[in-house]
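Here is a friendly briefing to read beside the model on your screen. Please have the sequence and the 3D view open together.

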Amino acid sequence: MEFTKKQELIYNLPIEHVMRKNVITVTPDTTIRQLKEILRINRISGVPVLDGGHLVGVASIEDLIKALEVGELDVPVGQRMTRQLITVLEHASIIEAVKKFSQFHIGRLLVVNEKGTLTGILTGSDITRGLLEAINLNDHAKELKRNPQIIFREDIVSDQTSLILRYHIKEKDFKSGGSASSKIKRAMEQLGISPQILRRVAICAYEAEMNLIIHTNAGGELIVEIEPELIRMTITDRGPGIPDVEQAMSPGFSTAPTWIQELGFGAGMGLANIKKCADSFTIQSNLGTGTQLDIVIQL
Amino acid sequence: MIDLQTVIEQLNLETIASIERQNRPVVGGYASDLLSCAMRGAKKDFLWVTLQSHVNVVAVASLLNLAGVIITEGNRPSPETIAQAEKEKVILMLTPKNTFSIVGQLIALGISGE
């Protein structure tokens, strides 16, 4: 069981997660002398050669040694580089990369996207590091599953199981602004929610949290309910209430006092940002009683 | 793709928090002093240029997984803000220049706004 999980992890790990993205490249006009310096300074054993952004070859330490033997220091790299391009797709599994390494006996693989543009470079040690990190993360996730505080357990059966996170937000507590949203974001990360959804949840949570801090008389509550198919956020406060909800929703409209606006808050974009990120968003507000936001993001 | 270290060197920025993570990539940039606008416009691995230097800047940068924040016009964050940035692993960079000049330099380095 343990073994298959790890295997699955390896098969599912895409190359783009372990490759190095800051690739040092040269052009065909680069001289062997310059190449020598680039390899030495960056402590690398080879570089991709790009001509007008197009991948045309690889200049490795082997090519360099051959050129040095015959004293060709000022010859352009374009004439001495290896033209055979051994590439892998960035979305491919690292298994693909491992196969190519053993097939071609090379030190590095060029990683490209569907259009053939170079997006990264991959060595054997990148794969080792990536795998170790992935296994570590996986173990961490398993630990969370064992933690009884996490209720997504297979042995708990109900018609509808959800995880509820509750945060109390204090009015005018600017120093803590964003701390509830940060905790929500971290919880989502631990649950393995995708980065795209994570961004939308983080924006909604942040804007709602800041609204409670900036505008309420007595703070409020931010409740996040995570269900298998959706995330529901309910934000309630006890006043003062919004006189004109439609006006409050329009981008740029703000009732925040000047000193708050000078800090960069109260841009009048909060509710508009929530609307943009939510799959459904409703506001109920009564003057004197308070406001409730209901936000739903589908998973 | 350009990394943060290159930006720091080219723009002569002073780094004050989480400086051990300077090799991270920079994929784009965004400039605004309004936090909600940054929330909307800045994305993962973007640089955010602003003259705001208070603690909520760290919250925004952390929530969005930004590459870092460049604080302009010589504004200096409080020790409390720096401590929060260390805790959240947010890189803060300072410059005496204004936002307009910094954005111009970032664009010259090939960093785009989208």
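The notes below go through confidence, the contact between the chains, one helix and two sheets.

This is a predicted model, in which local features need pLDDT of at least 70 and side-chain atom pairs count only at pLDDT 80 or more, while totals for chains, interfaces and linings use all residues. Residues are numbered from 1 along each chain as its sequence is written, with chains lettered from A and ligands numbered from 1 in the order in which they are written.

**Confidence**

- Chain A has a mean pLDDT of 87 (pLDDT being the predictor's confidence in each residue, from 0 to 100), and 91% of its residues reach 70 or more.
- Residues 145-151 of chain A have a pLDDT below 50, and beyond near neighbours in sequence this stretch has five contacts in the model; two residues are in contact if their C-beta atoms, placed from the backbone, lie within 7 Å.
- Where pLDDT is low, the predicted coordinates should not be read in detail.

**Where the chains meet**

- On the chain B side, 19 residues are in contact with 21 residues of chain A.
- Two elements, α2 and α3 of chain B, give two or more residues to the side of chain B that touches chain A; helices here are DSSP runs of H or I with at least four residues, strands are runs of E with at least two, and both are numbered from the N terminus.
- α3(B) gives the most to that side, with six residues.

**Helix α3 of chain B**

- Is α3(B) covered or uncovered? Mostly covered: nine of the nine residues in this helix (residues 55-63) are buried.
- A residue is buried if 20 or more other C-beta atoms lie within 10 Å of its own, exposed if 12 or fewer, and partly exposed in between, with C-beta atoms placed from the backbone.
- Among the buried residues are Val57(B), Ala59(B), Val60(B) and Leu63(B).
- The buried residues of α3(B) pack against α8 (179-190) and α9 (195-215) of chain A, and also against α2 (35-41), β5 (46-50), β6 (68-71) and α4 (79-88) of chain B.
- With α4(B), the packing angle is about 15° and the axes are 8 Å apart; axes are lines fitted to C-alpha atoms, for helices over the stretch in contact, and angles run from 0 to 180 degrees between N-to-C directions.
- α3(B) and α4(B) are therefore roughly parallel to each other (angles under 35 degrees count as roughly parallel, over 145 as roughly antiparallel, 65 to 115 as roughly perpendicular and the rest as oblique).
- Val55(B), Val58(B) and Ser62(B) of α3(B) make this contact with Glu80(B), Thr81(B), Gln84(B), Ala85(B) and Glu88(B) of α4(B).
- Asn65(B), just after α3(B), takes a positive phi of about 55°.

**The sheet of chain A**

- Five strands of chain A form an open sheet in the order β6-β7-β8-β10-β9, with antiparallel pairing; two strands pair if DSSP finds at least two bridges between them.
- β6 and β9 of chain A are the edge strands, each pairing on one side only.
- From one strand to the next, the twist averages 10°.
- β7(A) (residues 220-226) is joined to β6(A) (residues 163-169) by seven bridges, and Leu165(A) stands opposite Val224(A).
- Seven bridges also join β7(A) to β8(A) (residues 230-237), and a hairpin connects these strands through three residues.
- Across that pairing, Ile226(A) has Ile231(A) as its bridge partner, and Glu221(A) stands opposite Thr236(A).
- In a regular strand the side chains alternate between the two faces of the sheet.
- The covered face of β7(A) holds Gly220(A), Leu222(A), Val224(A) and Ile226(A), while Glu221(A), Ile223(A) and Glu225(A) make up the uncovered one.
- β9(A) (residues 280-286) and β10(A) (residues 290-298) run antiparallel and are joined by seven bridges, with Gln284(A) partnered by Gln292(A).
- Gly288(A) takes a positive phi near 90° in the hairpin of β9(A) and β10(A).
- α9(A) lies across β6, β7, β8 and β10 of chain A, running at about 5° to β8(A).

**The sheet of chain B**

- The order of this open sheet of five strands is β2-β7-β6-β5-β4 (chain B), and the pairing is mixed.
- Its edge strands are β2 (14-17) and β4 (28-31) of chain B.
- The twist averages 25° from one strand to the next.
- β4(B) and β5(B) run parallel and are joined by four bridges, with Val49(B) as the bridge partner of Ala31(B).
- α4(B) packs on the sheet and touches β2 and β7 (92-94) of chain B, its direction making about 75° with that of β2(B).
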